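Here is a quick walk through the model on your screen. Open it up and follow along, starting with one residue and working towards the core.

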Amino acid sequence: FITNPNTLRTLISREKGIVAPMLTISKDVAYSNYWAGMTPRGYYKSVPEYFPILRREKPGVHKVPMVHSTLLIDLQSKDSDKLRYYPMKEAYEGPIDDIIHFSLNAAVAGVGMWVDNAEVYGYMLPRGEYNTVGEEEVAYNEYLVDVIRVVTQVPRSSFLKDTRPAPDKLGFDEVYMISLVRRPERRNRMLGLFDQLRIDAKVFDAVDGKQMSQEMLDNLNVKQLEGYEDPYLKRSLKFGEIGCFLSHFYIWEEVVAKNYEKVVVFEDDLRFKPNFRGELAAMMTEVKELRLDWDLIYLSRKILNSRDEKWVASSSRLVIPHYSYWTTGYILSNSGARKLLAQNPTEKMMAVDEYLPLMFNAHPNKEWSASFSPRDLRAFSVSPLLVEPQFYIGQNGYISDTETSVIIEEKPEGKQEL
């Protein structure tokens with residue numbers, strides 16, 4: 001499918017007999033809609049020219065023996081009248097295959113085939129065995145979700161009728177997406193994902209730590225927990241971590257104020273696992289069938305102590321979590337929100353992903369834990385996880401707005417970082 005709206009105009013400008021926009025599956029899959037080599041009998045031939053084209057090491061228009069799936073034919077060319085799939089040239093003994101027949105007959109007709117890799121034009125659905133149209137549709141939609149990680153949104157032709165179901169809230173009272181206003185690329189990518197998954201989400205403007213000052217913290221009565229320091233970096237809180245905590249905190253307040261029964265909370269730097277909607281629905285069905293008394297269910301987390309985790313009795317999807325990091329995605333009940341708020345955590349603040357495991361009494365630091373009572377948050381986690389970070393530390397594209405902010409003790413009073 002094509003994602004570049006200028007594709008047709010660009011291909012016409014190439015003035016080639018047959019030209020194809022290079023389409024790929026992903027950066028990890030070495031398959032595209034062209035062959036760089038072919039034997040005289042029509043079989044695929046591996047040649048060194050293939051990967052430089054695929055990797056766009058030499059962007060431009062390249063002569064190749066075969067293009068398929070998506071291509072433009074110049075019908076104004078006289079030689080185009082000679083193009084055909086059948087019959088084949090005399091004494092043909094090669095494979096019976098439509099794209100091979102077409103490419104060999106094009107060569108006989110003197111019509112060259114070219115592939116254009118100058119721009120990103122679109123993507124190909126991974127090859128697979130689909131028994132029904134429904135199975136192929138599911139695979140197509142899941143692949144679109146994965147593509148949106150790269151292109152933000154997949155354009156939809158105005159000539160196609162949109163027959164998709166209306167977006168909904170997945171059976172919850174609200175679906176929140178925490179997003180910094182100054183990160184529009186992340187916000188737009190998430191909105192594209194929600195559109196593809198048909199999720200009606202509420203954008204919740206994150207509290208921006210880079211716009212905070214000590215004076216603002218004093219006005220909000222925000223105080224770091226006495227004795228707190230990052231367990232690994234041995235430092236105080238950063239303004240970005242405070243902004244992250246307050247963003248979640250204000251959602252918890254809204255859950256209580258609006259008396260929501262249950263909500264989903266997402267951050268804007270995630271990716272959904274395959275069949276997210278179906279897996280989430282199956283998990284919630286199991287929660288209901290088991291009559292599980294829950295406050296919080298992790299959809300994503302960094303597991304720090306798997307040895308002490310156990311499966312929920314009679315469950316195939318839920319575990320009892322131990323010490324975990326991340327707040328990328330979770331489900332929260334009204335009772336859970338009330339428990340998190342009841343501790344007045346802004347007056348003894350720590351990183352929010354330290355606070356959650358502390359509240360279900362799984363934090364290894366007993367001194368911090370002693371400042372909070374009761375620690376009776378009923379927490380669970382889906383397994384396998386349904387959401388993961390878009391990028392991990394060290395990967396190209398990874399950005400942390402918490403880690404790149406300033407430590408509160410180092411920021412001059414009243415000064416705002418630009």
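Let's begin with T24, which sits in strand β2 (residues 23-26). Is T24 buried or exposed? Its relative accessibility is 13%, and buried means under 20%, so T24 counts as buried. Leaving out residues up to four places away in sequence, T24 touches Y31, S32, L54, G122, Y123, M124 and Y143.

Before going further, keep in mind that this is a predicted model. The protein chain has an average pLDDT of 90, and 90% of the residues score at least 70. One stretch to treat separately is residues 410-418, where pLDDT stays under 50. For that stretch the model has 19 contacts beyond four places in sequence.

Now for the core. In soluble globular proteins, nonpolar side chains tend to be buried together. Here the largest nonpolar core has 44 residues, and I242 and W252 touch the most other members. Several elements each supply at least two residues of this core, as listed here:

| Element | Residues |
|---|---|
| β10 | 174-179 |
| α7 | 239-257 |
| β12 | 262-267 |
| β14 | 296-298 |
| β19 | 329-333 |
| α9 | 334-342 |
| α10 | 352-359 |

Of these, α7 gives the most to the core, with eight residues. There is also a second, separate core of 33 residues, and I148, M177, L318 and I331 are among its members.

Back in the largest core, what does W252 touch? Not counting residues up to four places away in sequence, the list is F245, Y330, L332, A337, L340, L341, V352, Y355 and L356.

W252 also belongs to the contact between two helices, α7 and α9. Their axes are 9 Å apart and they pack at an angle of about 125 degrees. The two helices are therefore oblique to each other, and α7 passes α9 in a left-handed crossing. On the α7 side, the contact is made by F249, W252, E253, V255 and V256. On the α9 side, N334, A337, R338, L340 and L341 take part.

Which residues of α9 are buried? They are N334, G336, A337, K339, L340 and L341. What covers these buried residues includes α7, β19 and α10. Finally, just after α9, look at the backbone of N344: this residue takes a positive phi of about 50 degrees.

Methods: Residues numbered from 1 in each chain as written. Predicted model: local features only at pLDDT ≥ 70, side-chain atom pairs only at ≥ 80, totals over all residues. Heavy atoms only, no water. Core = buried A, V, L, I, M, F, W, Y, C linked by side-chain atoms within 4.5 Å. Buried < 20%, exposed > 50% of the residue type's maximum accessible area, 1.4 Å probe, protein only. Helix = DSSP H or I, 4+ residues; strand = E, 2+ residues; numbered from the N terminus. Contact = heavy atoms within 4.5 Å. pLDDT = per-residue confidence, 0-100. Axes fitted to C-alpha atoms, helices over the stretch in contact; angles between N-to-C directions. Parallel < 35°, antiparallel > 145°, perpendicular 65-115°, else oblique. Left-handed = near helix turned anticlockwise from the far one by under 90°.
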